[in-house]
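This report goes through selected local features of one model, and it is best read with the sequence and the coordinates side by side.

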Amino acid sequence: MSSDTQQPDVRGNRLDKDEIDNNFSDLHPPLSRSEALIAADRCYFCYDAPCTTACPTGIDIPGFIQKIRSDNIKGSAHTILRENIMGGMCARVCPTEVLCEEACVRNTHEEKPVEIGLLQRYATDPVFDAQSQLFARAPATGKKVAVVGGGPAGLSCAHRLATFGHDVVVFNRDNKPGGLNEYGIAAYKAIDDFAQKEVDYILSIGGIELRNGETLGKDFTLGELRKSYDAVFIGVGLGSTNELDLEHESMPGVGSAIDYIAELRQADDLSELPVGRRVVVIGGGMTAIDIAVQSKRLGAERVDLVYRRGPEQMGASTFEQDLAKTSGVIIHHWAKPLELIGDKHVTTIRFERTALDSSGRLTSGGQQFELNADTVFKAIGQTLDNDVIDAGDLDIQHKRIIVDDAGKTSLDKVWAGGDCVAGGDDLTVTAVQHGKVAAIDIDRYLRQG
Ligand SMILES: Cc1cc2nc3c(=O)[nH]c(=O)nc-3n(C[C@H](O)[C@H](O)[C@H](O)COP(=O)(O)OP(=O)(O)OC[C@H]3O[C@@H](n4cnc5c(N)ncnc54)[C@H](O)[C@@H]3O)c2cc1C
Ligand code: SF4
């Protein structure tokens, strides 16, 4: 170990405020009107459009692009938001390169899809800026639904239920609504407090009461909700971070990527946020890429990301992996952490090479190497909070709630969706779709009863 790493060097003000502002500016700046019209003109307006099928919320993409061409921006936004009320955030955060834009037939001829995400943002931004209400509530039904969790799944469900005329109470553990849109998404993807702007828009439909700081499993049980409400939707996300299962994991300098990102997202002045000089990230998904890129953009001198398998197996898309590389993150594949080394603070982490055996299972490759670090971030996935698991008699598998296609759980009157359910792909757009689908099924159930 070199002597310069004996002392941890975790501090703020590594970069001045102008550099930080530049590093955390909009990742994909919005299109101007002329850029949007040119982009819209590239759409072939396919019949049975593959992009619409590839969008988890089934937005009529040719339909909204056609309206942009005829300068009907409000109509275009309505086409988007009636399927996906978080169409503004999804325009910023969807990995379009593996969703709608991957399916675009323009890829076949020109290897460049129509810029669907940017066009979606072009159409929806004015609606959120002006907070112009595009939806109306149906007459009150007198039914009351509890939604647990104020993230994309919960808010999407609450909004759709409100449009059906039901009254909704959203119980949300955090002090602000929005879930990971507010506390998790990389800061340069959702600048200018867009997450809260979108939440304000969603709540402005009326009929939704938001109760922040109220936690299922601590402040109330599922049984209580089932007694007091006509139906319950659970959209609590995944509250616990997976551990490395190594000795010294609680040593200073070793922490959860999710916790640090939440701190970053809530910081008033990013230039003052303490960041390590040498940061090592363990994981291969979106969270790992986000913490690595953001650490670099905060001024960390060196950021190493270590993943136990190859680039193809990483949860992060090729675009995200490239973003990390162009931001200066060093990615190491086929290695897993063996030992956290340090006295009062982590200084080094030892890794072992990995490989696949003949049956495709991950095995140890034998060789070892070390990386110096004053900060180690764990980003190896999350699971459902035990509080939630213990709060009711839900069918759970691999620490996720089991639901059917309509989001119905094994319990009478209880639906669930978003990251907390089994079989999803842990994306904002999927959580929004789960909330919407469950709301439609809840409405059907309430009208039968
Ligand atoms: C770091 C990071 C970056 C990401 N980046 C992207 C991205 O770029 N693009 C993308 O598509 N997806 C991204 N995702 C995934 C996306 O954020 C999630 O799939 C999405 O937020 C899931 O929505 P959700 O409503 O299920 O859960 P969450 O967003 O986690 O919201 C859960 C809500 O439930 C509340 N809650 C939790 N427990 C309780 C309880 N016991 N009682 C009451 N309320 C409770 C919380 O306060 C929170 O508001 C990212 C995730 C992470 C972690
Ligand atoms: S919601 Fe996401 S996947 Fe669907 S069309 Fe918009 S950007 Fe594409």
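## Helix packing

The crossing of α4 and α9 is left-handed. In this predicted model, helix α4 spans residues 61–69 and helix α9 spans residues 116–130, and the two pack at an angle of about 55° with their axes 10 Å apart. An angle of that size falls in neither the parallel, the antiparallel nor the perpendicular range, and α4 and α9 are therefore oblique to each other.

A second pair is formed by helix α15 (residues 286–298) and helix α16 (residues 318–326), whose axes lie 9 Å apart and which pack at an angle of about 25°. Because angles under 35 degrees count as roughly parallel, α15 and α16 are described as roughly parallel to each other. Here, too, the handedness can be stated, since α15 passes α16 in a left-handed crossing.

## Surroundings of ligand 2

There are 13 residues around ligand 2, and those that come nearest are C55, I61, C94, C100 and Q120. Sorted by class, this shell around ligand 2 contains 10 nonpolar residues and three polar ones, while charged residues are absent from the shell. For a reader interpreting these classes, it should be kept in mind that cysteine is counted here as nonpolar.

C55, which is one of the residues that come nearest to ligand 2, has a relative accessible area of 11% and is therefore classed as buried, given that the buried class covers values under 20%.

## Cysteines and disulfides

How many disulfides does the model contain, if a pair of cysteine sulfur atoms must lie within 2.5 Å? The count comes to zero disulfides by this rule. C51 illustrates the point, as the cysteine sulfur nearest to that of C51 belongs to C43 and is 6.4 Å away, so that C51 is in no disulfide under the 2.5 Å cut-off. With a relative accessibility of 10%, C51 counts as buried.

## Buried residues and their distant partners

L216 sits in the loop between β4 (208–212) and α13 (222–228), and although this is a loop position, L216 counts as buried at 4% relative accessibility. Along the chain, L216 and D390 are 174 residues apart, whereas their C-alpha atoms are separated by 9.6 Å.

V147, by contrast, belongs to a strand, namely β2, which covers residues 144–148. The relative accessible area of V147 is 0%, and V147 is accordingly buried. From V147 to V388 the separation in sequence is 241 residues, while the distance in space, taken from C-alpha to C-alpha, is 14 Å.

## Positive phi angles in loops

Most residues other than glycine have a negative phi, and two loop positions are worth checking against that background. D193 is not a glycine, yet has a positive phi of about 55°. The residue D193 is placed in the loop between α11 (180–183) and α12 (194–203), where a relative accessibility of 46% makes D193 partly exposed.

The other position is K399, whose phi is near 60°, again a positive value in a residue other than glycine. K399 lies in the loop between β17 (396–397) and β18 (400–401). Is K399 buried, partly exposed or exposed? Its relative accessible area is 33%, and K399 is therefore partly exposed, this class lying between the cut-offs of 20% and 50%.

Definitions and conventions:
Residues numbered from 1 in each chain as written. Chains lettered and ligands numbered in written order. Predicted model: local features only at pLDDT ≥ 70, side-chain atom pairs only at ≥ 80, totals over all residues. Heavy atoms only, no water. Near = heavy atom within 4 Å. Buried < 20%, exposed > 50% of the residue type's maximum accessible area, 1.4 Å probe, protein only. Axes fitted to C-alpha atoms, helices over the stretch in contact; angles between N-to-C directions. Helix = DSSP H or I, 4+ residues; strand = E, 2+ residues; numbered from the N terminus. Parallel < 35°, antiparallel > 145°, perpendicular 65-115°, else oblique. Left-handed = near helix turned anticlockwise from the far one by under 90°.
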